[in-house]
Amino acid sequence: MDAHSETAPTGAVAAPRASWAILAVCCLAQFMVVLDISIVNIALPSMQDDLGMSAGGLQWVVNAYTLAFAGLLLFGGRAADLFGRRRVFIFGLAVFTLASLGGGFAQSEVQLIIARAAQGLGGAVLAPATLSLLMTSFAEGRERTRALGAWGATAASGGAFGTVLGGVLTDVADWRWVLFVNVPIGVVLIGAARVVLVESRGQISRLRDLDMPGTVAVTGGLVLVVYAIVRTESTSWTSPLTLGMLVGGLVLLGGFVAIEATSANPLVPLGIFRFPGIAVANMIAAVLGAGMFAVLFFLTLYLQRVQGFSPLRAGIAMLPMPVSIIVASQVVTRLIGRTGPRPLVVTGVVIGAAGQFWMTGISADSSYWVDVFGPIALMALGIGTVMVAMVTAATSGVPMHMAGLASGLINTGRQIGAAVGLAVVTTLAEDRTKSRVSQGVALPDALTSGYSLGLLIAACVFVVGLPLALLLPRRRGPVVPVPVPAGPSDGEPLVVAEGAQA
């Protein structure tokens, strides 16, 4: 990535017509990235049959993407701020598109897993750039709120739409099309980005000025922690290797904090956590990710393994989720200017948790319309409400030169929550199923018992968002600057609401 091309002033706001073209490009790119977290789930059995994959290899089709994506999000977010948001956006999009093409042509388990890891790398670079481009293209206020609402709905509904589209493509065409589908979209987006997007960046123009020690520490720490938890599906939590990786990951993350406190050009300037709400919003993002993706995972399995749905029918059965998320996001976008984020996050958590607890009542002979349709629609209304309000809380008042970082943090929180939460909940659910089978329970009932436990744990995790939501700042009043010690990449004043409370 050439760091010396001409750039627009940092924080420049696009003309109205151009800004909505930017919104379309950014939302479609974000949709594609989030879509790929879940689109392969329904296609996994077909992949296994076609390539003769082992059970462990099948698991790594999902985990390779998750690890690369989660581990490099902060680097991707900071790179967008430092080297140019348009340039990084196009670079990430190109990597993601090429990796999707390679995965579609994969002829072996190893080739497919490598392609998925490369997709995760491209997504980690691309996703933060989408939000930072919106923040620098829309002035803070009503227009940015509407743009963030659209982005939030896209980010929240992409995972749910992935199960729908994955089912359609696997049934109608072939599993390879869950990867090939990204190629024409990526090519169109690259062309549109070159025409629509205007370059902007922060203060650093040389690669050697980037905080590489911090990048290595945080990436290594996140990957070790997530990998240690993910592998508990096949090994014990107390095994020496698992414990060693957890400790090593935590040590690296602790070292990362120490590096950031002394670095001249930190990857994550610690002053960003003095913005009201950003730390809390990221914790809510983790809870949201854990709850949402656990539901997507278990419901997909329940509908196919227990209810006997085809991939196509299972995908269509999940359609109420993205529809409800989009409806909720539109309502929230119109309300948030009057209420502020906190009451909406509280409301969304209560609604979403109610849907999740309702869903735990599934049985082997449950009716879709009685025991699945209602719960997922209600849960999705809550998720759509939380997502839009949470993104607004996390980015409100953030200076433009930290826009990519704020985006990287919120994406990292959600993805780490999804990866860690799913690994933990899946392990407990599988243990319940094995226990029930050993007791002589029929397989459909044993599977449903495990899925129901997983859904119950996911609902309990989601409820943790309620006390966290109460820690968000109250509705903002007049803004006043609060000085933050300025460094080479942290030179703007911190803007907070006068009288804002946690």
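Helix H11, residues 278–306, packs against helix H15, residues 368–395, at an angle of about 160 degrees, with the two axes 10 Å apart. Angles over 145 degrees count as roughly antiparallel. H11 is therefore roughly antiparallel to H15. The handedness of this crossing is left-handed. The model described here is a predicted one.

A second pair to look at is helix H14, residues 341–359, with helix H17, residues 443–463. Their axes come within 9 Å and cross at roughly 165 degrees. H14 and H17 are therefore roughly antiparallel to each other. Where H14 passes H17, the crossing is left-handed.

Earlier in the chain, helix H4 spans residues 85–104 and helix H5 spans residues 109–137; the axes of H4 and H5 come within 7 Å and cross at roughly 155 degrees. That angle makes H4 roughly antiparallel to H5. Their crossing is left-handed. Which classes of residue make up the contact of H4 with H5? The contact has 14 nonpolar residues, ten polar residues and two charged residues.

From helix axes the account now turns to aromatic side chains. The count of aromatic pairs comes to eleven. One of them joins Trp 20 and Phe 138, whose ring centres are 5.2 Å apart and whose planes stand at 70 degrees. Planes over 60 degrees apart count as edge-to-face, so the pair of Trp 20 and Phe 138 is edge-to-face. Where in the chain do Trp 20 and Phe 138 lie? Trp 20 lies in helix H1, while Phe 138 lies in the loop between H5 and helix H6 (142–172). The pair therefore ties together parts that are 118 residues apart in sequence.

Helix H1 also has a part in the interior spaces of the model, as its lining role below shows. How many cavities of 30 Å³ or more are there? The count comes to two. The largest cavity has a volume of about 40 Å³. Its lining consists of Gln 30, Val 34, Ile 37, Phe 69, Asn 411, Arg 414 and Gln 415. Two helices, H1 (16–38) and H16 (403–438), each supply at least two residues of that lining. Sorted by class, the lining of the largest cavity has three nonpolar residues, three polar residues and one charged residue. Arg counts as charged, and Arg 414 is among the lining residues.

Technical notes. Residues numbered from 1 in each chain as written. Predicted model: local features only at pLDDT ≥ 70, side-chain atom pairs only at ≥ 80, totals over all residues. Heavy atoms only, no water. 1 Å grid on protein atoms, 1.4 Å probe; cavity = no way out; pocket = protein on both sides within 12 Å on 5 of 7 lines; lining within 4 Å. Points joined across faces, edges and corners; volume = space filled by probe spheres on them. Helix = DSSP H or I, 4+ residues; strand = E, 2+ residues; numbered from the N terminus. Axes fitted to C-alpha atoms, helices over the stretch in contact; angles between N-to-C directions. Parallel < 35°, antiparallel > 145°, perpendicular 65-115°, else oblique. Left-handed = near helix turned anticlockwise from the far one by under 90°. Phe/Tyr/Trp six-rings, centres within 6.5 Å; stacked < 30°, edge-to-face > 60°.
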